[in-house]
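Visitor: I am new to this structure and would like a close look at one part of it. Could you pick a loop and walk me through what surrounds it?

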Amino acid sequence: MSPRPAAVLRGGDQDLRAHLIATAAAVIARRGTAGLSVREIAKEAKVADGVLYNYFDGKDDLIAHGLRAHVHAVLRAGAPAPVPGSATVEANLVTLFTQAVTLLGRVMPAFAGTIGQPAVLQRFRDLISQHAGPHMLGLMGTGDAGLPQLFAAYLRAEQDLGRVAADADLEAVTTLLIGAAHDLVLPQVFLGTPGAHGPVRELPDGHAERIVRALFHGLHTAEG
């Protein structure tokens, strides 16, 4: 006998659709997207395989919805950004950089399995643009909001408070910090332990402080 949805889900199509998306997101968070099948999601959701096709335009559509829900969950669970004017700018940038690494470390493994699945990525981009705003695309450095915009907004606020130089190149600082975060995360995602889909390991001790300190002091040397 084909599995049936739990009684609590029999109240309407929207409930079942939401349940399927939540299930796909949970599976993606646990094991990534590589080789993910409709059957695996259906089994987890306790529904017949064919049920999914009543609500989604095929496997790619369902996985894209699951990716979107997974990223939403990671964003909601993230720590709040530092408040401009609090602590020191250097300490706050260390916090922002650490948050960026944590966020990317939880999101990027889910996307590693989409290499070779351009239809999933395109559908994901469509969903973000249509329904959630483009802020999640900013996780990867594109879109109208996201990590680059979070960093830039913080730095602009500190600039307005006079704690960052008026002529500082905020775009360059943002690019360097987020590039450094990607540089730490991506090798672990793509060159790490085969089959590992969990969060990237914690930052090496002092790594965030070194990155931010290098930005503050640069390559300047005293010249006689």
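Guide: Here is a walk that starts at one loop and then moves to the core and the charged pairs. Please keep in mind that this is a predicted model.

Let's begin with threonine 114, which sits in the loop between helix H4 (89-112) and helix H5 (118-132). Threonine 114 counts as buried, because its relative accessibility is 3% and buried means under 20%. A polar atom of the threonine 114 side chain lies 2.5 Å from the backbone oxygen of phenylalanine 111. Not counting residues up to four places away in sequence, threonine 114 touches Thr33, Leu67, Val120 and Leu121. Isoleucine 63 is 51 residues from threonine 114 in sequence, yet their C-alpha atoms are 9.7 Å apart in space.

Now look at isoleucine 115, which is also found in the loop between H4 and H5. Isoleucine 115 is exposed, with a relative accessible area of 60%. Together with Phe190 and Leu191, Ile115 forms a nonpolar patch on the surface, and the accessible area of the three adds up to about 360 Å².

From the loop we can turn to the interior. In soluble globular proteins, nonpolar side chains tend to be buried together. Here the largest nonpolar core has 54 residues, and Leu20, Leu52, Leu93 and Phe97 have the most contacts inside it. Among the elements that give two or more residues to this core are H4 and H5, and H4 gives the most, with 13 residues. Take leucine 52 as an example: leaving aside neighbours within four places in sequence, leucine 52 is in contact with Leu20, Val38, Ile41, Ala42, Val47 and Leu62.

Finally, some charged pairs. Side chains of opposite charge can pair when their charged atoms come close. The structure holds 5 salt bridges. In one of them, glutamate 44 pairs with arginine 30, with the closest N and O atoms 3.3 Å apart. This pair links distant parts of the chain, as glutamate 44 is in helix H2 and arginine 30 is in helix H1, 14 residues apart. Glutamate 44 is partly exposed at 37% relative accessibility, and arginine 30 is partly exposed at 48%.

Another salt bridge joins arginine 163 and glutamate 158, whose closest N and O atoms are 2.8 Å apart. Arginine 163 is partly exposed, with a relative accessible area of 31%, whereas glutamate 158 counts as buried at 0% relative accessibility.

Methods. Residues numbered from 1 in each chain as written. Predicted model: local features only at pLDDT ≥ 70, side-chain atom pairs only at ≥ 80, totals over all residues. Heavy atoms only, no water. Helix = DSSP H or I, 4+ residues; strand = E, 2+ residues; numbered from the N terminus. Buried < 20%, exposed > 50% of the residue type's maximum accessible area, 1.4 Å probe, protein only. Polar contact = N/O pair within 3.5 Å; in protein donor to acceptor, adjacent residues only side chain to side chain. Contact = heavy atoms within 4.5 Å. Patch = residues over 30% accessible without salt bridge, like charges linked within 9 Å, V, L, I, M, F, W, Y side chains within 5 Å. Areas by Shrake-Rupley, 256 points an atom, 1.4 Å probe, with all protein chains shown as cover. Salt bridge = Lys/Arg side-chain N within 4 Å of Asp/Glu carboxyl O. Core = buried A, V, L, I, M, F, W, Y, C linked by side-chain atoms within 4.5 Å.
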